[in-house]
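Q: Could you take a close look at one part of this model for me? I'd like to go through how a set of neighbouring strands fits together, and then step back to the rest.

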Amino acid sequence: MNKTYLKNDSFFDALQNNIEAAKDNATNSLLVLSSANQAVDTEKMNALLKSSSIPVIGGIFPEVIFEGKSYDQGSIIIDMEQEMKTLVIDDFSSNEAVEALLEKHLGELDPNGKTVFVFADALLDKKAMVFEELYNLFGTLPRYIGGGAGTLEFNSFPCLYTNRGMAEGSITIGICDLDTSVGVAHGWEPITEPLKVTKAEGNKIITLNWKPAMQVYQEIVEKHSGQPFDYDNFFDTTKSYPFGVSKLDSEKIVRDPYMTENDMIFTLDTIEEGSHVSVLYGNTESLLDGASKARSRAESSKEIKNLFLIDCISRVLYMGEEFSAELNKLDAQNIGFGALTLGEIANNGDSFLEVYNKTAVVCAIHDN
Amino acid sequence: MTTRHKNILSEILLEITLVIANQNTYDKIVKKTLAAWLRRLNCTVGALISNEHGKIIVQNVIPTFLRSKFSEHHPLINAIKDKKIEVFESYKFEGQNAYVFYLGQERYFIFLRKNELSEEQCNEIFPVTQFFGKSLDNAFEREKRIKVERELSKERRLLRTVLDSLPEAIYLKDTSLKKILSNHADIKNIGAATEEEVLNKTDLEVFPKDIAQAFIEDDQYVLKTGQPILNKTEQIVNNEGRNEWLSTSKYPLKDDDGTIIGIVGTGRNITDQLEAEEQIKRLSLVASQTTNGVIITDVRGYVEWINDGFTRLTEYTFEEMVGKKPGEILQGPQSDEDVTKRMGIAIKNGKSFEEEIINYKKDGTPYFIKISCNPLRDEEGNINGFMAIESDITEKVENEKALIEAKQIAEKAKDAEKLFLANMSHEIRTPLNAIIGMTSLLKDTKLDAEQTDYTINLEQSSKFLLSLITDILDLAKVESGKVEPKFEPFDLDILLQNLYSTFLLKANGKPVKVILEKSDELPSIIKGDELLIQQILNNLLSNAEKFTPEGSITLNVHTYEEDGQSWLKCAVIDTGIGISDEDQSKLFQKFNQFGTDENNKKGSGLGLCITKELIEVMEGTISVKSTINKGSTFSFVLPIEIIEAKNTSDQRVFKKINQGVKYSIDHILIAEDNLMNQKYISRLLQKLNIKFTIANNGKEVVALAKEKEYSLILMDLQMPEMDGYEATIEIRNSKNPNKYTPIIALTASALVEQRKRAFEVGMSDFLSKPFTPDQLKEKFSLM
């Protein structure tokens with residue numbers, strides 16, 4: 001595995017070189033992570049990606065992480081000697097359609113000991129359908145890691161690197177024989193009893209405990225912060241108070257609220273009707289603690305040769321300059337690479353494949 | 001185990017319960033619930049298996065990738081087989097904790113997780129697994145029931161479709177005689193619109209009381225005796241108030257124990273059948289009464305039925321005819337075999353036919369019949385027999401025969417008459433020609449006064465006789481309808497010019513001016529009978545010439561159009577002696593000669609009569625205006641067709657060869673077999689100082705024509721070896737110097753047909769024998 005950070009202007013040529021020289025360099029697949037400010041000429045990039053003889057997978061994220069630092073410019077190219085089987089999913093008409101597609105392309109693969117890279121357009125609201133079917137197929141047998149692509153402008157654009165070219169509104173999956181361990185943690189703690197999600201549609205919570213969701217949420221936040229709810233700065237007001245979906249023997253799955261309308265609350269990823277959520281609260285200390293947990297959960301007896309870090313961009317926004325401390329917790333040796341994402345996709349090998357918000361994911365890579 | 005965990009587990013179990021409850025099919029419950037269990041209970045594997053009579057069926061596994069591994073040999077499944085689990089069991093399996101929950105109905109729910117669950121947690125989970133199992137049972141039962149109901153409903157629909165498709169009415173009645181089933185045909189028979197109008201009702205509620213009562217009595221008989229009633233004809237009144245008839249059968253409906261629980265009824269509507277039978281009866285009556293013979297055979301032609309008319313006609317009885325082929329009995333030696341064959345083929349092919357043939361009665365008398373035979377078809381249109389109507393046409397055939405014979409006799413008579421006329425014409429004219437000719441020649445010899453007087457009388461009498469014969473023949477032809485006008489295009493200009501020239505010559509020496517007046521628009525070519533028109537004008541102009549001692553004779557000709565028809569109007573105006581009013585009324589009668597002056601009686605008295613007849617033959621009319629001593633005007637109109645307007649005619653087409661062209665007569669070739677005529681013509685030409693060569697028949701004339709060019713050929717029509725027509729055709733169509741030489745036909749025959757034929761074969765003019773020297777000179781002048 002060979003990783004390179006490239007500035008904006010040298011990225012395309014470098015990628016072209018890497019693709020063209022792949023066979024000579026014993027590169028069998030490419031992982032590409034770009035920051036939001038990486039200018040990409042979609043037409044040229046499409047031609048390049050389509051011409052590639054080796055699988056390419058990756059995306060454009062708000063920022064990238066390279067050897068202990070985060071960058072809002074440039075891209076990272078990771079040459080991998082592992083062969084990879086990739087698949088782009090863009091038909092979300094039904095669970096059955098996704099199931100059939102996965103079965104057709106990946107059904108014959110033995111997922112044992114493998115690592116599955118999953119990158120999704122963050123604005124796609126059918127992510128959960130794909131993860132459910134992917135998990136139904138492979139279960140906990142492989143490790144999963146990936147994240148939501150896009151930028152903080154939440155604009156729709158081709159944000160995924162695939163061998164079909166740049167893709168949007170899709171999910172790209174790559175399976176390779178890479179020995180990894182995954183740790184997931186966030187450090188947010190519940191400040192309420194579980195609230196029943198009595199009505200929800202996709203990523204829209206309509207009622208909690210049979211009451212308008214925003215009213216319930218506002219009351220809790222105001223009570224905890226001692227401040228009147230500031231609707232004008234919804235993101236700032238809510239960044240300390242995400243929702244957590246309950247799960248047995250595991251940290252809660254964080255759902256990040258980002259807007260309200262008609263007393264409904266919109267979260268970055270779906271919350272199922274009938275599930276129970278708590279309002280969570282965190283501070284820098286607890287979040288750093290979460291990062292440490294993520295790192296330690298990725299530890300195993302095996303040697304760590306590289307680190308693939310997926311961390312939530314909202315943790316950067318929350319911690320500000322103190323985020324470097326988080327990076328230090330995640331990768332003290334500054335050996336890793338990764339992305340600050342809009343939703344973190346991971347499974348640590350003993351639970352359901354989830355998309356998380358406000359969460360740190362560490363994937364320790366034991367192979368070269 | 002912490003309180004927090006307990007609370008979370010409760011929440012999660014509640015959520016899973018909701019997930020289960022929200023699914024509506026067995027498959028969805030399985031799939032969604034397994035996923036929810038795995039997700040919320042943090043499990044690595046979830047499976048639903050069932051033990052069906054010792055056989056383990058894996059219903060679902062998540063992840064599905066493991067399905068193949070979750071076989072009967074999987075250690076966990078073996079554990080289930082070995083041990084009867086009634087609540088739940090936990091096992092250690094490949095470093096994980098496996099939990100097996102019994103769901104009831106031999107179903108097991110297995111999940112694996114890394115963290116161990118306490119017994120308390122398992123106990124808390126158990127009721128939800130039971131709810132899971134119950135829901136599966138319910139869904140399974142529901143789906144099974146739905147499947148069965150669908151099957152039943154399908155069967156019911158099928159049965160109903162079959163029942164409703166049957167043309168026979170079928171119904172069921174219970175023991176209280178209420179209808180519990182009624183198919184379409186039954187509903188229709190009753191006159192109801194829907195089944196609801198019939199069901200749960202007795203016949204008393206549906207039919208008029210008297211009819212219903214009869215039905216009920218039958219029903220009660222079946223219920224009481226257990227005996228069916230078969231094919232009973234019942235009358236009902238349909239919803240249009242019309243009587244209909246049913247052939248009804250009723251059977252007892254029995255349950256498994258043989259107890260009568262109702263009645264099954266069937267009813268076939270036989271109204272059409274009965275009406276058809278009635279109609280057949282009526283038709284049979286009609287057929288039996290008709291005087292014509294009627295036979296009905298089967299499809300192979302064997303007699304099935306005959307009527308009385310047939311027996312009257314043939315004397316054969318029904319018993320004698322039935323099962324036999326009519327032809328074999330009725331036809332005999334005089335029967336036309338071709339007709340018999342045609343009839344056989346038509347029957348074989350199922351076709352209708354009409355033929356006339358001689359048949360024989362039983363006593364051997366032949367008779368003529370006309371047979372009209374048509375195939376009989378069944379409702380599907382298939383031929384199932386034939387019906388023949390035979391009418392005796394013996395009398396008709398005999399009448400026709402007599403008619404044909406009469407016609408033949410008449411035609412023979414007509415031919416004889418025609419031959420007589422032609423012969424008379426030829427036989428009388430030929431000697432007369434000689435008489436006239438010789439008289440003319442005699443006049444030129446030295447005669448004393450007495451001889452001269454005798455000669456003049458002889459000449460006048462013979463001329464009169466010729467004119468009389470000519471007129472009698474013409475009139476006879478017209479009256480016998482022999483004159484059939486032929487409407488063909490001809491050049492009116494040339495006709496008029498020729499007439500004008502002729503009468504200019506005739507009037508020569510008399511103080512009479514001959515004038516031809518033609519309107520400016522007079523067409524050149526018209527369609528009409530040229531010869532007849534010429535004859536009419538000739539007659540009128542001759543009359544005028546005869547009766548006009550001085551002054552003028554004007555021929556005025558013009559055409560006009562009336563009601564889309566073109567007409568030719570000719571007027572011959574003279575300044576002659578005129579005709580009294582009294583004479584005018586008798587003018588067109590036969591043998592009517594008028595005028596007081598004996599010298600003026602120059603004709604047969606038939607000329608105007610013939611003229612009128614000829615005009616009328618052409619659908620024209622003639623009129624006269626006359627004043628004594630001032631003159632007369634004879635006008636006639638004839639329908640014509642204008643072909644070409646003035647001066648646009650292509651005269652090459654219509655002009656006869658050399659017509660209208662002045663020829664200098666140098667050397668004439670004469671074809672004439674009669675020696676007297678040869679002599680006469682020879683003398684005449686010698687006197688006129690014209691060279692001539694005589695040929696005795698057609699062959700000779702053709703041979704001579706090939707040798708040198710003549711100025712003119714005079715051609716007798718009736719000659720031995722080769723007649724004048726053939727000779728002309730030969731001359732006109734072979735390479736010789738006389739191809740375009742004028743040929744004048746000479747014949748004693750007065751028939752118009754001969755003149756026409758002469759022109760058709762290419763002759764230029766026509767001169768009737770006997771002709772006078774002046775007539776011959778006149779022809780020369782026209783050449």
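A: Before we start, two strands count as paired if DSSP finds at least two bridges between them. Also keep in mind that this is a predicted model.

Let's go to strand β10 (residues 260–269) of chain B, which has a partner in strand β9 (residues 243–254) of chain B: the two run antiparallel and are joined by nine bridges. One of the matched pairs is B:Lys254 with B:Ile260, the latter sitting in β10(B). β9(B) and β10(B) form a hairpin with five residues between the strands. Have a look at B:Gly258 in that hairpin, since it takes a positive phi near 90°.

β10(B) also pairs with strand β6 (residues 169–174) of chain B, again in the antiparallel sense, here over six bridges. If you want a spot to click on, B:Asp174 has B:Gly262 of β10(B) as its bridge partner.

Now zoom out to the chain that holds these strands. Chain B has 27 strands, along with 24 helices. It runs to 783 residues, and 31% of them count as buried. If you take contacts in chain B between residues at least 6 apart in sequence, 57% join residues at least 24 apart.

Last stop, the place where the two chains meet. Chain B puts 22 residues into the contact and chain A puts in 21. On the chain A side, helix α4 (residues 127–138) of chain A gives the largest share, with five residues. Sorted by class, that side of chain A has nine polar, eight nonpolar and four charged residues.

Note on methods. Residues numbered from 1 in each chain as written. Chains lettered and ligands numbered in written order. Predicted model: local features only at pLDDT ≥ 70, side-chain atom pairs only at ≥ 80, totals over all residues. Contact = placed C-beta atoms within 7 Å. Helix = DSSP H or I, 4+ residues; strand = E, 2+ residues; numbered from the N terminus. Nonpolar A, V, L, I, M, F, W, Y, C, P; charged D, E, K, R; others polar. Buried ≥ 20, exposed ≤ 12 C-beta atoms within 10 Å, placed from the backbone.
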